[in-house]
Amino acid sequence: ESKLSEQLKLSFFHVRADDKPALLLHLLRTVVKPQDQTIVFVATKHHTEYLKELLTMQGVNCTNIYSSLDQTARKINIGKFAHGKCSVLIVTDLAARGIDIPLLDNVINYSFPAKAKLFLHRVGRVARAGRTGTAYSLVAPDEIPYIFDLHLFLGRTLVFASPHQKPTDSDGVFGRVPQSILDEEESLLQTDHERSLDLQSLRRVSDNALKQYQKSRPSSSSESIRRVKEMEFSLVGIHPLFSLRFEEDEMAQLKFVDSIKTYRSKATIFEINATNKTLASDVMRAKRIRDRQSIARHQRKQEERLSLAAVKAQRMAVREEPMEDGEDHIQDVFSSVVGKKRKCLSSENRAVKKKKKTRPSAEEGKEFYVPYQPKDFASERGLCVGGEGTAFEQQASAAVLDLMGDEDRNLNKNKKLLKWDRKRKRFVGQKGQEDKKKIRTESGAYISSSYKTNLYDKWKKRNKIDEQDSDTEVGGDQKNRKRQKGRGPHPASSSSQRGKVRSELKTKEQIFKQRKKASKQRFLQGGGMKRLKSRSRQRVREMRQMAFGRGKVKKGKLRKRM
């Protein structure tokens with residue numbers, strides 16, 4: 001499943017969420033051929049209705065499918081697309097299951113999938129049986145971490161478009177879209193929205209559905225989010241699919257516009273339209289003088305980060321040369337020393353390090369502390385079929401592909417499984433959250449905070465230690481009484497000779513049994529059985545009276561009583 005067809009070409013466009021309809025319209029009009037069949041994947045059914053109405057008003061012949069669509073209308077729309085009457089089919093992931101169209105040319109990911117396997121299921125519909133195909137992905141800023149997860153799953157490196165060079169091949173390149181293209185299409189869409197009230201309402205509903213989808217979709221990995229934060233997207237160039245169509249003058253103009261976008265003023269908001277005599281300018285000047293060292297340090301870090309990002313972008317844009325083979329090359333690689341100098345620790349840090357070393361580790365304390373798990377815990381966990389966190393359970397969960405719903409009720413159902421985390425400012429899964437907190441034991445081992453420590457009570461209950469103690473005590477008392485029945489002075493019992501004294505403490509079961517026996521005795525002495533018998537007789541008498549004339553009391557008298 002982690003393999004893509006060699007005939008499949010991938011293209012990733014960095015675009016804002018509001019500009020996605022304009023870019024989709026430009027791709028369908030200019031990039032995609034008119035005779036090609038294209039599937040557009042969206043997040044919810046409201047997006048299918050909105051995009052169908054929008055593209056129809058712009059003259060693009062299209063149809064849509066979603067999960068709650070009528071079966072007859074679903075067959076009609078699939079038939080239109082399969083027989084070539086419509087060149088564009090707008091679907092959701094849930095509705096696209098079971099649709100098999102062999103002669104498919106393009107796939108457009110209007111909403112980028114949150115799972116790598118879902119991406120493979122989408123783009124795997126094209127480039128079959130030796131045919132070529134292309135997958136276009138419109139990536140919003142909040143969807144960029146999912147691209148890193150996808151390339152990590154595929155084992156590929158993400159190639160960024162270089163702002164300095166024009167690459168000849170656009171396969172697998174992540175780049176920006178020129179603003180001039182988006183402005184041309186956006187002006188046409190704006191006029192359509194002003195004319196049609198239905199289009200405005202559909203857009204408003206789709207925006208609300210997108211918010212629900214973003215709350216309920218699975219989150220990306222923390223490593224991908226960290227990489228996105230470290231990236232500088234101002235250094236990402238225009239995608240080769242668009243840059244090859246522009247001339248040098250137009251490209252210089254676009255670069256100048258991009259440089260204006262990345263401009264940041266050194267003056268703060270307090271100093272805008274302020275003279276040197278104002279209080280705000282004096283305060284900010286004094287603050288800069290006081291924090292000049294930290295400001296210079298931050299600027300150096302920013303410059304280093306930008307320079308590293310530029311070098312990485314240039315390296316990724318240029319194709320890597322093949323590795324040299326031979327013993328000389330291997331010797332050069334392993335002879336180079338990689339690493340930094342050892343840090344000089346102060347006396348306080350050394351003392352703290354010594355203290356940390358003196359603390360016994362979990363491995364060293366095995367012979368002094370009772371372990372929390374049996375010795376064969378890891379091997380038994382790997383061999384067992386059931387249970388949470390086992391190898392079989394992990395493989396089974398990895399093989400399952402859960403698709404998100406395309407309606408509000410399905411999205412809310414998925415949202416119920418999540419819980420809002422105040423610290424992380426996002427929804428997190430409730431299952432398994434308690435296992436993430438760890439506590440340190442006396443032996444130095446870290447275990448789950450929800451670990452139950454009543455192991456000794458369970459062991460006593462399993463081996464029935466309390467019952468054995470009570471039986472031995474009762475048996476010893478009976479033997480002592482038999483011995484004391486004879487005449488003459490009674491010698492001390494063997495238990496007293498040994499120095500053992502009968503325990504007067506009672507267990508929970510003994511106390512409960514004694515209370516139950518006392519309550520039963522009070523009930524019998526207070527005449528409880530007589531009261532029960534009288535209540536049962538009265539109940540039988542009332543049942544006979546309610547027989548509507550079939551008993552001793554007549555029907556009329558019963559009605560009068562009621």
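Helix 21 (508-525) and helix 22 each put at least two residues into a nonpolar surface patch. Keep in mind that this is a predicted model. Below is a quick tour of that patch, the helices around it, a positive patch, the salt bridges and a couple of spots elsewhere in the chain.

**The nonpolar patch and its helices**

- The patch consists of Phe523, Leu524, Met529 and Leu532, and together these residues have about 360 Å² of accessible area.
- Met529 belongs to helix 22, and its relative accessibility of 42% makes it partly exposed. That value qualifies Met529 for the patch, because membership takes over 30% relative accessible area and no salt bridge.
- Helix 21 is hardly covered, with a count of 0 buried residues among its 18.
- The length of helix 21 agrees with expectation: its end C-alpha atoms sit 26 Å apart, and 18 residues at 1.5 Å a residue should span 26 Å.
- Gly527 comes just after helix 21 and takes a positive phi of about 80 degrees.

**The positive patch**

- Lys533, Arg537, Arg541 and Arg544 make up a positive patch on the surface.
- Arg537 is part of helix 22, which runs over residues 528-545.
- With a relative accessible area of 52%, Arg537 is exposed, since the cut-off for that label is over 50%.

**Salt bridges**

- The count for the model comes to 14 salt bridges.
- Arg226 pairs with Glu230, and their closest N and O atoms are 2.7 Å apart. Both residues lie in helix 8 (residues 222-230), where they are 4 residues apart, about one turn of the helix.
- Neither label in that pair is "buried": Arg226 is partly exposed at a relative accessible area of 39%, and Glu230 is partly exposed at 44%.
- Arg16 bridges to Asp18, with the closest N and O atoms 3.7 Å apart. Arg16 itself counts as partly exposed, at 45% relative accessibility.
- Asp291 forms a salt bridge with Arg290, and here the closest N and O atoms are 3.3 Å apart. Arg290 is exposed, with a relative accessible area of 63%.
- There's also a network: Lys20, Asp142, Glu143 and Arg217 are joined into one by salt bridges that share partners.

**Helix 2**

- Helix 2 covers residues 45-57, so to speak 13 residues, and reaches 19 Å from its first C-alpha to its last, close to the 18 Å expected at 1.5 Å a residue.
- Its buried residues are Lys45, His46, His47, Thr48, Tyr50, Leu51, Leu54 and Leu55.
- Gly59 follows helix 2, and its phi is positive, near 90 degrees.

**Asn77 and helix 3**

- Asn77 sits in helix 3 (residues 71-82).
- At 10% relative accessibility, Asn77 counts as buried, because the label applies under 20%.
- Asn77 and Leu89 are 12 residues apart in sequence, and their C-alpha atoms are 8.5 Å apart in space.

Technical notes
Residues numbered from 1 in each chain as written. Predicted model: local features only at pLDDT ≥ 70, side-chain atom pairs only at ≥ 80, totals over all residues. Heavy atoms only, no water. Expected span 1.5 Å × (residues − 1). Buried < 20%, exposed > 50% of the residue type's maximum accessible area, 1.4 Å probe, protein only. Patch = residues over 30% accessible without salt bridge, like charges linked within 9 Å, V, L, I, M, F, W, Y side chains within 5 Å. Areas by Shrake-Rupley, 256 points an atom, 1.4 Å probe, with all protein chains shown as cover. Salt bridge = Lys/Arg side-chain N within 4 Å of Asp/Glu carboxyl O. Lys, Arg positive; Asp, Glu negative; His and termini not counted. Charge placed at Lys NZ, Arg CZ, Asp CG, Glu CD.
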